[in-house]
Amino acid sequence: MTPTSLAFRAILGKDLRTELRTLQSLPAMALFAVTTFVIFRFGLDRTALSGSLASGVLWATLLFAAILGVNRLFVAEREEGGFDAIRLAPVDRTALFAAKAAALLVYLLVLEAIVVPVFAIFFLDSAAALPSLALVLVLADLGLAATGTLISSMAVHSRARDLLTPLVLLPLVVPLMIAATGASEPLLEMGGPSYERFGTWLAVLGLYDLIFLLVGYAVFDFLLED
Amino acid sequence: MSESAVAVTGLRREFGERSALEGVGFELSAGQSLVVLGPNGSGKTTLLRILATLLRPTGGQVRVLGAPLPAEAWKVRGRIGFLGHEPLLYRDLSGRENLRFQARLHGLGTEAAEWRIAELLTAVGMKRRADQRVAELSAGMRQRLAIARCVLHEPELLLLDEPDSNLDAEGREAARRLIGPGEGRTRVIVTHDPERFETEADQVLRLGVGERAVVS
């Protein structure tokens, strides 16, 4: 195993162990998402949603819940000296980017495993769309993880990080959200999922993921410099 | 003649308009100790962070363990032990977990790491508290763990910022064993207590606020 992959495993393992022990991010993300679904349910006064409305409610909720996790992603590194510890080690610093993005991806997948069934119970007639929706969720999560990690690593150095993260992140993920809602909309149609332009939207999601993973890999080293 | 372990010439570091270091120079052979003295704000910690590759110099030449900084910083990372103001330990992990994490970052194999961690925990007197979360430990205990972290990967160069801070007599004795002159490592020590280190110093660097550095 290379030093970089050892470092990747060490950082990811440390993050997941810390989250399991402290539950600082995931419960807040899940609680936010479930509460938002409750508000939509009563605010819209509907027992079922379909098409673009269902897709919009799902993705707006997931995006804002994700921001809670993005905000906290590098807090331990900033406040407990983790940045210095990792910069002092003889490892490629992109291991930190990859590990943090992987940790955020795990948080998002766990969040969705909890809240998407709640969304389905609240708003969907059937669960037929869920298997295809899972593919959209994974691809969108990859993009969110790459972009969120990049922005979080920059914003964490600012005292206004809670404000800065959404301000910078939200415009950057607009294309991702357009593709994610575009792919989800036909899946959530009343009467069962359809696959109109589904492949095109998946390709857009994949392209976004690839671009931001490459951007993260290319610039992360510079972001860690003083 | 062997190459210097640390060679610094005309080092400058500015933070915006403010100059933190101006024209600092010294040369340190392998195994020697340099004690850095100076009032608050004289740039002692900045100097240490530059030598540790954590900060880029604004000007001047810096060579550490034969590598020019910052151009070849990657060559010396892993050969430096850095003990700063912060212990660089995660509060929600135990001392042992923190040391395991550091061992993996430095590429130590599992068996070698466990053996080294057990040895160091004993040396710093933290064996019994090793599995307690760092957040629950006193400042002195954290400093002991930080010393263990600093020497875990057996570095050639030690950069120590107030290494005795928060330590009791027993802790200071453990520190002397692990990061003292007996180990034969090159050391740069920042301190406000020159008497504590005067017998160990091969050179003394005096930094002043707005004055040129003096080596003796």
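A nonpolar core is a set of buried Ala, Val, Leu, Ile, Met, Phe, Trp, Tyr and Cys residues joined through C-beta atoms within 7 Å. A residue is buried if 20 or more other C-beta atoms lie within 10 Å of its own, exposed if 12 or fewer, and partly exposed in between, with C-beta atoms placed from the backbone.

A quick word on the model: it is predicted, so local features need pLDDT of at least 70 and side-chain atom pairs count only at pLDDT 80 or more, while totals for chains, interfaces and linings use all residues. Residues are numbered from 1 along each chain as its sequence is written, and chains are lettered from A, ligands numbered from 1, in the order in which they are written.

**Exercise 1. Find the residues that touch the most other members of the largest nonpolar core.**

Step 1: This core has 141 residues, and the ones to pick are Ala7(A), Leu205(A), Val36(B), Leu51(B), Ile147(B) and Leu159(B).

Step 2: Now look for the element with the largest share: α6(A) supplies 14 residues. Helices (H or I, at least four residues) and strands (E, at least two) are DSSP runs, numbered from the N terminus.

Step 3: Zoom in on Leu51(B). Leaving aside residues up to four places away in sequence, Leu51(B) touches Val6(B), Val64(B), Leu159(B) and Val188(B). Two residues are in contact if their C-beta atoms, placed from the backbone, lie within 7 Å.

**Exercise 2. Work out why Leu108(A) counts as buried.**

Step 1: Place Leu108(A) in helix α6 (residues 94-123) of chain A.

Step 2: Count neighbours. Leu108(A) is buried because 25 C-beta neighbours sit inside 10 Å.

Step 3: List its contacts beyond four places in sequence: Ala66(A), Asp141(A), Leu144(A) and Ala145(A). Take Asp141(A): 33 residues apart along the chain, its C-alpha atom and that of Leu108(A) are separated by 6.5 Å.

**Exercise 3. Place strand β8(B) in its sheet.**

Step 1: Read off the order of the open, six-stranded sheet in chain B, β6-β7-β8-β3-β9-β10, with mixed pairing. Two strands pair if DSSP finds at least two bridges between them. At the edges, β6 (80-83) and β10 (214-215) of chain B each pair on one side only.

Step 2: Check the neighbours. β8(B) pairs in the parallel sense with β3 (residues 33-37) of chain B over four bridges, and Val36(B) stands opposite Val190(B). With β7 (residues 157-161) of chain B, β8(B) also pairs in the parallel sense, over five bridges.

Step 3: Check the cover. All five of the five residues in β8 (residues 186-190) of chain B are buried. Thr186(B), Val188(B) and Val190(B) lie on one side, Arg187(B) and Ile189(B) on the other. In a regular strand the side chains alternate between the two faces of the sheet.

**Exercise 4. Find which side of α6(B) is buried, and what covers it.**

Step 1: Mark Ala174(B), Ala175(B), Leu178(B) and Ile179(B), which are buried. They share one side of α6(B), because they cover an arc of only 105 degrees around the axis; the arc is that of the directions from the helix axis to the C-beta atoms.

Step 2: Turn to the face pointing away from there, and you meet the exposed residues Ala169(B) and Glu170(B).

Step 3: Look at the cover over the buried residues, which includes α4 (110-123), α5 (139-151) and β7 of chain B.
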